Amino acid sequence: MKRIYALERWCIDCKRCEVACRVFHSKSRDAVRAYRIEGDGPKNRIWVEGTCAASLALNCRHCADPACVQGCISGAMQKNPETGIVTVDPHRCVGCRTCATLCPFGAVRIEEVAGREIAIKCDLCGERLGEAGEPRCVAACPNRALIYVESEGGSHE
Amino acid sequence: MSDRIVDYLVIGNSAAGVTAAEQIRANDAQGSVLIVGREPYAVYGRPLISYLIAGRTTREQMGWKGPGFYDRIGAECLVGPDAEVVSLDPEAHTATLADGSVVTYGKCLLATGSIPFTPPIKGLEGRENVHTFFTLDDAEGVWGDARRARQDADAEGRPARAVVIGSGMIGLKAAEAVAGYVDEVCVLELAERILPAVLDAQGSELLQRLLGRHGIVCRPGLSVQEVCGDGGRATSVVLTNGERIACDFIVAAVGVRPNSTLAVEAGAQQGRGLVCGPDLQTSLPDVYAAGDLVQVTDVLTGDERPLALWPNAVQQGACAGRHMAGALDVEPFDGAFAVNAVDFFEDSLLTAGVINPPEGEGYETLERQEGDSYVKFVMKDGRLCGYILLGRPDNAGVYTALIKNGAELSTFPEEAFLDRPLENLDFSHDDRWERLHAFYPSCLDDRGWKEAR
């Protein structure tokens with residue numbers, strides 16, 4: 001499967017990846033509306049850690065044997081057996097935080113969407129759960145500090 | 001139902017059993033798989049029952065696997081009281097179901113989980129408004145009584161009241177769920193503090209205060225002496241201190257035990273749970289076990305005990321299934337440690353590993369309470385072996401990974417524990433690269449370039 005990798009030597013903490021992610025995951029897919037009008041509904045699923053001196057964009061690694069999926073009590077978190085993409089079904093998720101307690105990277109966060117706390121994570125910008133799209137964070141990175149490339153293994157168990 | 005012969009019999013249709021069946025199929029395309037379960041439902045997220053009552057999920061969304069799951073993995077599934085296995089003959093490789101039919105199996109998995117035990121309290125048994133809180137049917141019973149309590153109380157112009165006996169995870173989640181219906185929930189706990197298994201004294205005290213804001217009154221150090229009522233319904237309880245509390249209904253959640261009678265009666269070796277080898281085979285040939293009923297080695301303390309947690313059941317189910325199907329390169333099950341995630345209203349409580357270290361064994365702790373949050377880390381030999389994160393959930397999984405990997409703490413900044421959550425940038429450059437770049441294409445360097453440096 002293709003995975004997103006962060007190359008921290010090129011990361012300049014500009015957070016454009018966060019903006020592009022949030023905009024794609026908004027209703028309007030427009031930056032101004034996503035940030036100023038849609039309230040706290042749209043969430044980014046990539047987070048830049050650190051400061052200008054050292055920073056790193058972090059999102060889901062779509063693990064071979066994901067601990068978040070193994071721990072999910074609702075069945076909302078799944079790894080697609082064909083594509084290897086790990087996604088969370090927002091309707092089935094109850095926000096119990098088991099996934100966030102098991103993800104070794106902090107790449108799943110629990111945030112409030114439409115009055116419900118649910119797990120938020122990278123879905124590779126697919127239009128449907130488990131489908132890969134064109135990750136907007138990668139497209140938005142001005143420095144090629146995020147690359148989207150064919151990885152070597154680990155798509156499925 | 002007629003007698004049948006299957007390659008794999010999975011007894012138990014929940015996390016461990018279903019995951020095992022999935023892995024059996026993934027590693028044996030041909031073998032016939034039969035799953036039997038006592039509850040008359042497709043597999044559902046058992047821990048969701050409190051969320052159902054609280055209106056945070058629906059019956060439809062509780063299905064743990066999507067529709068058509070059993071067909072998709074080519075497994076037959078028989079559920080309901082008739083499909084309960086009542087006896088096992090490991091010599092003959094047969095299991096007898098409640099309807100008298102006999103299943104002959106090649107290999108069998110016991111994934112029958114835990115069962116709640118009812119405390120021996122005078123007047124508790126035989127009441128229609130006394131419930132355990134473990135299954136979907138239990139939840140429906142509690143839910144019905146919670147709604148009825150609301151109606152009755154409104155009609156009579158008095159507060160609606162529930163009593164919960166036991167303040168473990170199950171008791172407190174039940175209390176949270178019914179708090180939306182009744183005015184007062186009284187939680188009784190025999191121990192000196194609530195949630196004794198996953199909290200320390202300070203954490204328990206804070207959580208008790210947080211629950212109090214939602215009408216849940218926890219009374220540690222007390223239990224029920226006697227349940228009183230008229231006929232089938234309990235109407236009040238007398239506490240061990242002599243006090244009497246009126247109630248509309250009662251949830252009894254004093255604990256669970258491994259549901260291993262079937263195996264034990266068939267001669268399987270039992271400690272605090274079923275004793276299994278690294279392939280999760282019990283002492284009976286071709287009888288495997290996975291989930292709550294298995295005695296697990298706690299990798300942090302060496303203790304042997306069942307680990308009745310959903311992720312553990314899934315992990316063991318997967319492992320047992322692979323072993324049963326003779327998968328290649330299958331890893332042994334060599335123990336686990338407890339990781340608990342639970343939320344009460346808007347407060348999250350995440351815990352892992354050793355919470356209350358024994359004195360004099362070289363453990364060190366770091367604690368800090370600030371407002372409504374309480375954080376504790378437990379360390380030994382320079383390694384993290386447990387935490388409490390009450391009201392500070394960020395990056396909990398990164399700490400879990402430190403415990404799992406036995407990482408040396410000296411390389412991490414001190415402030416990344418009590419002062420702020422640990423981040424990926426707190427790992428050394430090389431460790432960070434290794435953690436975050438699994439399956440990285442070998443043709444690229446760390447600049448993302450193809451040409452050699």
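Is the crossing of H1(B) and H8(B) left-handed or right-handed?

1. The crossing of these two helices, H1(B) and H8(B), is right-handed; the model in which it appears is a predicted one. Helix H1 of chain B covers residues 15-27, and its axis lies 7 Å from that of H8(B), the two packing at an angle of about 30 degrees. On the side of H1(B), the contact includes Ala15(B), Ala16(B), Gly17(B), Ala20(B) and Ile24(B), while H8(B) contributes, among others, Trp310(B), Ala313(B), Gly317(B), Ala320(B) and Met324(B). Sorted by class, the residues of this helix-helix contact are 11 nonpolar, seven polar and two charged.

2. H8(B) also has a part in the contact between the chains, in which 41 residues of chain B meet 38 residues of chain A. The elements of chain B that each supply two or more residues to its side are helix H8 (310-324), strand E20 (339-344), strand E21 (347-353), helix H9 (396-405) and helix H10 (429-436). Of these, H9(B) gives the largest share, with five residues. The side of chain B that touches chain A is made up of 21 nonpolar, 13 polar and seven charged residues.

3. As to the domains of chain B, the assignment places residues 4-115 together with 257-324 in domain 1, residues 130-254 in domain 2 and residues 346-436 in domain 3. Between domain 1 and domain 2 of chain B, the C-alpha centres are 31 Å apart, and the contact pairs eight residues of domain 1 with 14 residues of domain 2. On the domain 1 side of that contact in chain B there are six nonpolar residues, one polar residue and one charged residue.

4. An open sheet of three strands in chain B has the order E12-E13-E14, with antiparallel pairing. Its edges are strand E12 (224-230) and strand E14 (244-246) of chain B, each of which pairs on one side only. With direction ignored, neighbouring strands of this sheet are turned against each other by 30 degrees on average. Strand E13 of chain B, residues 233-239, is joined to E12(B) by six bridges in the antiparallel sense, and within E13(B) the residue that stands opposite Glu226(B) is Val238(B).

5. A further set of antiparallel strands in chain B can be followed through E23(B), of whose eight residues six are buried, leaving the strand mostly covered. On one pairing, strand E22 of chain B (residues 363-370) runs antiparallel to E23(B) and is joined to it by eight bridges, with Arg368(B) opposite Val375(B) of E23(B). The hairpin of E22(B) and E23(B) has two residues between the strands, and there Gly371(B) takes a positive phi near 55 degrees. E23(B) is also paired with E24(B), again in the antiparallel sense, over seven bridges; Met379(B) has Leu384(B) of E24(B) as its bridge partner.

6. Where does Asp381(B) lie? Asp381(B) belongs to the loop between strand E23 (373-380) and strand E24 (383-390) of chain B, which form a hairpin with two residues between them. The phi of Asp381(B) is near 50 degrees, a positive value in a residue that is not a glycine. Asp381(B) counts as exposed because it has 11 C-beta neighbours inside 10 Å.

7. Chain A offers a positive phi of its own at Lys15(A), where the angle is about 65 degrees although the residue is not a glycine. Lys15(A) is in the loop between strand E1 (2-6) and helix H1 (16-24) of chain A. With 17 other C-beta atoms within 10 Å, Lys15(A) is partly exposed.

8. Why does Ser26(A) count as partly exposed? Ser26(A) is placed in that class because 19 other C-beta atoms lie within 10 Å, whereas a residue is called buried if there are 20 or more. Ser26(A) sits in the loop between H1 and helix H2 (31-37) of chain A. Leaving aside residues up to four places away in sequence, Ser26(A) touches Arg33(A), Ala34(A), Glu38(A) and Pro42(A). The C-alpha atoms of Ser26(A) and Lys43(A) are 7.4 Å apart in space, although 17 residues separate the two in sequence.

Notes. Residues are numbered from 1 along each chain as its sequence is written. Chains are lettered from A and ligands numbered from 1 in the order in which they are written. This is a predicted model: local features need pLDDT of at least 70, side-chain atom pairs count only at pLDDT 80 or more; totals for chains, interfaces and linings use all residues. Domain bounds come from an automatic or database domain assignment. Two residues are in contact if their C-beta atoms, placed from the backbone, lie within 7 Å. Ala, Val, Leu, Ile, Met, Phe, Trp, Tyr, Cys and Pro count as nonpolar, Asp, Glu, Lys and Arg as charged, and the others, Gly among them, as polar. Helices (H or I, at least four residues) and strands (E, at least two) are DSSP runs, numbered from the N terminus. Two strands pair if DSSP finds at least two bridges between them. Axes are lines fitted to C-alpha atoms, for helices over the stretch in contact, and angles run from 0 to 180 degrees between N-to-C directions. A crossing is left-handed if the near helix is turned anticlockwise from the far one by less than a right angle, and right-handed if clockwise. A residue is buried if 20 or more other C-beta atoms lie within 10 Å of its own, exposed if 12 or fewer, and partly exposed in between; C-beta atoms are placed from the backbone.
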